[in-house]
Amino acid sequence: MKKFWIVFLVIAVLVGGGFGLLWMSLSQMGQTVAIDGGALIWHVGGAFPEETDDSFVGQLQGGAETTLGETVIALRRAAKDERITGLVMDMRAVETDWAKIDEIRRALAVFRESGKPIYAYFDGAGTREYALACQADKIYMSPEANLMVLGISAELSFMKDTLDKLGMEADFIHVGKYKSAPERMTRTEATAANREMIGAIVDERYEGLLGMLTAGRGVPREQAQAWVDRGMFDAVTALEDGLVDEALYFDDVLDRHFSDDQTTEFDDYVLDKPKRKESSHTVGLVYATGVIMPGESRWDRFQGKIAGSETIVEELLSMADDDDVDIVILRVDSPGGSAMASDLIWEAVGQVQKNKPLIVSMSGMAASGGYYISCRADSIFADPSTLTGSIGVYAGKMSRRGLYEKIGVHREFITRGDNALLFSDEGGFTDAQRKLFQNQMDHFYKRFLAKVAEGRGMAPDAVHAVAQGRVWTGQQALQAGLVDDLGGLYRALDSAKWSLGLIPEDPVNVVSFGEEMSPLQRMLLQSLRQGGGLARIGHRLGLDADDSLPLGAVLTSLRQDGLLAAVDLMDGRPVAMLPYGLKVR
């Protein structure tokens, strides 16, 4: 048996090391990708993340997914590219948030405005896929496909009964009647305030969906609402009701519209890097993606991307000190996290502003700590579906006394000082400790309000009226005065150009941190994935996460909620974070 494991480890090192050396070699090669032109074939699917793990191990784990920025840039570039004659969208499983869908839809609108046609096709589609497909000139579905436009829902899950069965109890203190993050562990159902808040978000998102359908298909609101209320369609009923234009197979769609044209895969087009126009102006781009935590930014197999305050502060200060950088855009996609780490980033934003303007561009989430780091920016832009606000704070810990008793563990503590067990999991807070923590939370909340008031030019009472932990959509936040305008990264970039005395059409250099993969590296990954080779390599090296297993699915859900990362903060530290498990589908 020992010989088997020795041989296995040797093979793993050779395979991993070999690909690692190849990876490093390819990174030094700057060859570009040959583009045939013609129709652009885009297999639309995935999460469209803001960032991916660009390390070799990260790529083995699946990090080479096309980012939102790459997607939007490629679509806008293709609109002006004379080699590209049209776009065919082959709709797959879209797993991203609605704010990112907003940004992609705007990029598709730019493509349509160029006069080039867009055709959408699907073998099966849900609400998100159909919302994107509605930007096409014509929509096709295969003859035996199903379409499900099921509307909008928000899922709230509560774990108090589960914790009770395990002998655990969550003890939390919060400020703000809408600061509902701890409810998942302390209650069995939502409070009235939480339900009111979530209901308003669902209403806003529902109206947004109906707007997408009415604008895309040219039907009245009542018709779009009837589609959603019916929900499920086969090809016959979808055609009868006007949701699609014809039932055809994918190859037939290509033959009808681009029979004489060449085709280019969208993934290949993303790899194409045309020569940039020279500019004397430079915009620095810094990302704050994931739960905000102390330390360096990192990728965690279970927690996902962690926005480390140390890394983000260092990048912001580097941009501030770089004389070639004229203005900085902070791109935020975070539910918040550590209050202390958020404050360090907030201070770094102020240091940047001593030398040059700073603009915040919000992606899917910029809530609680995510809003904290944004609030002092010179301008703030959010997508209509961004989840932001959540100006509040909480702190707490988990008591595991009952769990230890259930499994026969008996513990004895010898202490000196009334608060020696303050952060221990042996019981909840005492009345005196609870009063101490409540006082700390109240003072932090007042400081949070003051910083928002100063950054947004509002009175503290006016901020309090829209704070109290309430989560807003970007559209609602605009009305509340928490953001300046609606739009994505390109809207922020246009604002940066105006600040520099330029117009949107003028070129600027955009610089960010992190090494970009070479085209050959991307081509290697793409080739391996299409053939299934990359998945096999990752599995053999033990780097994959099998979501088909029950535990894998649970871990994936908890990671997406941000709960796994937040567990590290359940030790009494102040936390500024979006409610766990808030999923708007």
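In this predicted model, a good place to start is aspartate 322, which counts as partly exposed because its relative accessibility is 31%. This aspartate sits in the loop that links helix H13 (309-321) to strand S14 (327-334). It also has company: Asp321, Asp322, Asp323 and Asp324 gather on the surface as a patch of negative charge.

Following the chain out of that loop leads into strand S14, and here the picture changes. Of the 8 residues of S14, 8 are buried, so the strand is largely enclosed by the rest of the structure. In a regular strand, side chains alternate between the two faces of the sheet. In S14, Ile327, Ile329, Arg331 and Asp333 point one way, while Val328, Leu330, Val332 and Ser334 point the other way, and all are buried. Charged residues are thus part of the list too, with Arg331 and Asp333 among the buried ones.

What does S14 pair with? Strand S10 (residues 282-289) is one partner, running parallel to S14 and joined to it by 7 bridges. Within this pairing, valine 286 has leucine 330 of S14 as its bridge partner. Strand S16 is another partner, again in the parallel sense, this time over 6 bridges. There, isoleucine 329 stands opposite isoleucine 359 of S16.

Strand S16 (358-367) is followed by a loop that leads to helix H15 (369-372), and serine 368 is found in that loop. The backbone does something worth a look at this point: phi of serine 368 is near 55°, a positive value in a residue other than glycine. Is serine 368 buried or exposed? With a relative accessibility of 0%, serine 368 counts as buried.

A similar entry turns up at glutamine 468, whose phi is positive at about 55° although this residue is not a glycine. Glutamine 468 lies in the loop between helix H18 (460-466) and strand S20 (471-473). Its relative accessible area is 18%, and because buried means under 20%, glutamine 468 falls into the buried class.

Back on the surface, there is also a nonpolar patch to report. Met148, Leu150 and Met232 make up this patch, which covers about 300 Å². One of its members, methionine 232, belongs to strand S7 (residues 232-234). How does methionine 232 count, buried or exposed? Methionine 232 counts as exposed, because its relative accessibility is 52% and the cut-off for that class is over 50%.

Conventions: Residues numbered from 1 in each chain as written. Predicted model: local features only at pLDDT ≥ 70, side-chain atom pairs only at ≥ 80, totals over all residues. Heavy atoms only, no water. Patch = residues over 30% accessible without salt bridge, like charges linked within 9 Å, V, L, I, M, F, W, Y side chains within 5 Å. Areas by Shrake-Rupley, 256 points an atom, 1.4 Å probe, with all protein chains shown as cover. Salt bridge = Lys/Arg side-chain N within 4 Å of Asp/Glu carboxyl O. Lys, Arg positive; Asp, Glu negative; His and termini not counted. Charge placed at Lys NZ, Arg CZ, Asp CG, Glu CD. Helix = DSSP H or I, 4+ residues; strand = E, 2+ residues; numbered from the N terminus. Buried < 20%, exposed > 50% of the residue type's maximum accessible area, 1.4 Å probe, protein only. Pairing = 2+ DSSP bridges.
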